[in-house]
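Dear colleague,

I am handing over the structure below, and I would be grateful if you could look through it alongside the notes that follow.

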Amino acid sequence: MALNLRQKQTSCIIRMLNLNQPLNSSGNVDEEVYKILVYDKFCQNILSPLIHVKELRKYGVTLYFLIDKERRPVPDVPAVYFVQSTKSNIQRIVADASASLYESFHLNFSSSIPRPLLEDLASGTLKTESIQRISKVHDQYLEFITLEDSMFSLAQKSCYVQLNDPSAGDRDIEEIVEKIVSGLFCVLATLAVVPIIRCPRGGPAEMVASALDLRLRDHIISKNNLFTEGGNLGSSFQRPILCIFDRNFELSVGIQHDFRYRPLVHDVLGLKLNKLTVQGEKGAPKSYEMDNSDPFWMANGSLEFPEVAVEIETQLNKYKKDVDEVNKRTGGQDGADFDSQDLIGNTKHLMNAVNSLPELTERKKIIDKHTNIATVLLGEIKERSLDSYAKKENDMLAKGSIDRNEILSVLRGKGSKVDKLRFAIIYLLSLETTPHSDLEAVEAALRESEVDTCAFQYVKKIKSLNVSLASVNSASRSNIVDWAEKLYGQSIGAVTAGMKNLLSSDRQLALTRTVDALMEGKPNPEIESYLIFDPRAPKSNSGASSHLKGPFKEAIVFMIGGGNYMEYGSLQELAHQQPAKHVIYGTTEVLTGAEFVEQLTLLGQKMGLGGSAASLSH
Amino acid sequence: MARSRDRTEDFKDTVRSIALSLGYNESKTAAILASFIMHKPRQRSTFTKAALRTLESIKTLEQFILKHRKDYVDPHRTTEQERDSIEHEVSVFIKTCKEQIDILKNRIHDEDTSGKSKAWLTMRSDNSHVDIVAHKHGVVLILSEKLHSITSQFDQLRAIRFQDAVNKAMPRRKMHQVTNSNSPNLLDTVQETETKMVEMSALNHLMATHVLQQTQQIELLYEQAVEATKNVEMGNKEISQAVQRNSSSRTFLLLFLFVLTFSILFLDWYN
């Protein structure tokens, strides 16, 4: 049972567009074939990565509007509303119904509509005597955005700031936890699974996990629950594991520079909802879609940038060869294969050529698109020397130390202000202890480059408060290296560490390591303290039953506070190892390094650590 | 598959309780709740009825092609003549569907212009028809796209048929090349068959192409109609902005003239 979130969400939306009727209803003329779709901004973001406008027509949708737009009556057509359950949307629906804009209203709310709003809707339509227009009301439980087959985002802004805000009250934190739990509940309802929940102790992760457990328990007991797993009695190897983490678990991932294609495109060019806008070669901005329909993107998204350039080259050469062959066969050029007497053979070749033409045009389009993107990326990389940032940050995190002159030279070298700030923060995070003089030199260098050091001060503060910022270092150094360092000093330690980096392809993220350990289920000191929740088990827990810790084939990993494509890529690598596992990655919002540093800056300002009052990086 | 939760029952209960609280009497409440269960017989416009009829015909065409698919493709089940007749029927059918779609398309414009003339008489703005027109264009576009997809499917079947025929012709050619010097008559017939094959394979893509042209025309009209729904709103905004600007500039002009007049009077008095 491979969990393909994107497919499941798309099929739910298609069912909704078919007016929530069972999909195999026979076509009789009385059914409502043509409809109008009305959505709000949030639901537009949900729909746009999943369905293209042209496909809407396949399901009989003739027009689609934003709910806030002024719309005019279309008398004999049903309308499908897909909106969030907010007060203003309900008011708008009541207004539309009383104005008789459409024949009948099929209301679909992206998550459950609460009782008070339902009453508002009822009283509004009763008073305007338009209640006969409301045909159906459904809770769709689709309030999340699926970006890739196994990646979703809840699109809840500034979660990290709100959760770590020193001035936040209990009520505020509870509200945020509620929102996150509701989003996660929608994801689980769409996947129709009740997972085993695991999370580290303390912090937002524990709060979210216990609230989610409670919500699932209440829901399963109620009638008409959405999670009827027919057949097997919830044996563990069918149920996935849901691992909830907080951003503070591994802060460096949200900040560091990465040199792989997909994270680069997101971080540098600003990929949003799978859409990208870059400067075309002739100066006009071009917008591209990066999703399932692009085979190059799917296949090469996790390669390092130089390899991607090589791949584009290869594809281009293959394309040219294919075009030459087609030309030769059909006599486009004076090729020796063309025989004017061989009429039938030529016709066959002509037919084949015509049939392969659209495929060739597609390939050329994709090659052009990626060439354009790669060229723009190359410009940015050269200007900001992002390759050296990525490499040096990786080295710092892997080795746990760096030469003082090196860091100062980087801070004085190329790169935007945000790049330098990110580098300095990674320096803070990768070193266990930072000698005071080094810190001062780094801060001086930052101030020289006119970088707003709020975020830096904030990270320094929380590091000094000993918030556990993940033992990144202990990951890559094995016991041998430790022993070597102790006995033979720094130089040999560096050599063996270097060798280990050669032996192991990439430094594994702490998150990936932990998820691997959780999925394996073998006793492991790192995850000993992790809590475990099973919504299906009776309340009186007779000790953690052994089957709950067994090896899991499928996992859903959720990061509170902000995630990015680098984490997603790392988890996908884990999933593709032998034996094949399936990992879905989700987060409250997808942030670039710069956006995350902005949130850190905000927190620094709230804590009153802001250095200069000027230069707010907006 | 994941299910959604049907809240219509909850909604009805809420309606009942609110109706009671608002003081509606029993019969009224019952009437309201009944309207939920029994919908009024839907009154469709003539346009929608015509569109549904066209959809019916397209569906019949699809079923016809499906039914005769095996017969058409398999060379041993039918003769050339039967296959030609199937093709002929299909092309006639496609032609009728195309004509129906054209009629619908022209009808949109007729209703639109007649609507405009009425509105002119009643002196109301014409905005209210824009969405209806766009919707009708959408309906016609959907029909045309469906017809196009069915036609391309049929074209693929044709391609298979001609591929088989071409393959049959090729070995025959090799045999005849051996005997070409002795029998000029045979050579002529073979050459005739060859040219016929070439013609038919050239005609291969023609069926879908006409429908494609129609689809593209309709798509253009649809895009324009959708643009119009957006433009009316933008036009209203522009008008209100212009009115605002106009009034503010008028104020400034008046003030300016006022001040100038008084300064001239003042200077005059001063001298």
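A definition comes first: angles between helix axes under 35 degrees count as roughly parallel, over 145 as roughly antiparallel, 65 to 115 as roughly perpendicular, and the rest as oblique. Please keep in mind throughout that this is a predicted model.

In chain A, helix α5 (residues 115-127) comes within 9 Å of helix α1 (residues 8-21) of chain B, axis to axis, and the two cross at roughly 60 degrees; α5(A) and α1(B) are therefore oblique to each other. The crossing of α5(A) past α1(B) is right-handed. On the α5(A) side the residues that meet the other helix include Leu118(A), Leu121(A), Ala122(A) and Leu126(A), and among their counterparts in α1(B) are Phe11(B), Val15(B) and Ile18(B).

Turning to the nonpolar cores, the largest has 75 residues, of which Phe245(A), Tyr261(A), Val265(A), Ile373(A) and Leu377(A) touch the most other members. Helix α13 (residues 343-384) of chain A gives the most to this core, with 7 residues. Leaving aside neighbours within four places in sequence, Leu377(A) is in contact with Tyr261(A), Leu264(A), Val265(A), Val268(A), Leu269(A) and Phe305(A). Apart from the largest core lies another, of 71 residues, and its members include Ile93(A), Leu107(A) and Phe109(A) as well as Leu52(B).

Finally, an unreviewed UniProt entry annotates residues 252-270 of chain B as "transmembrane region". In the model, that stretch of chain B is 100% helix and 0% strand, with its end C-alpha atoms 27 Å apart.

With best regards

Definitions and conventions
Residues are numbered from 1 along each chain as its sequence is written. Chains are lettered from A and ligands numbered from 1 in the order in which they are written. This is a predicted model: local features need pLDDT of at least 70, side-chain atom pairs count only at pLDDT 80 or more; totals for chains, interfaces and linings use all residues. Side-chain values use heavy atoms; hydrogens and water are left out. UniProt positions are given in the numbering used here, feature names are shortened, and annotations may be inferred rather than shown by experiment. Helices (H or I, at least four residues) and strands (E, at least two) are DSSP runs, numbered from the N terminus. A nonpolar core is a set of buried Ala, Val, Leu, Ile, Met, Phe, Trp, Tyr and Cys residues joined through side-chain atoms within 4.5 Å. Buried means under 20% relative accessible area, exposed over 50%, partly exposed in between (1.4 Å probe, protein chains only). Contact means heavy atoms within 4.5 Å. Axes are lines fitted to C-alpha atoms, for helices over the stretch in contact, and angles run from 0 to 180 degrees between N-to-C directions. A crossing is left-handed if the near helix is turned anticlockwise from the far one by less than a right angle, and right-handed if clockwise.
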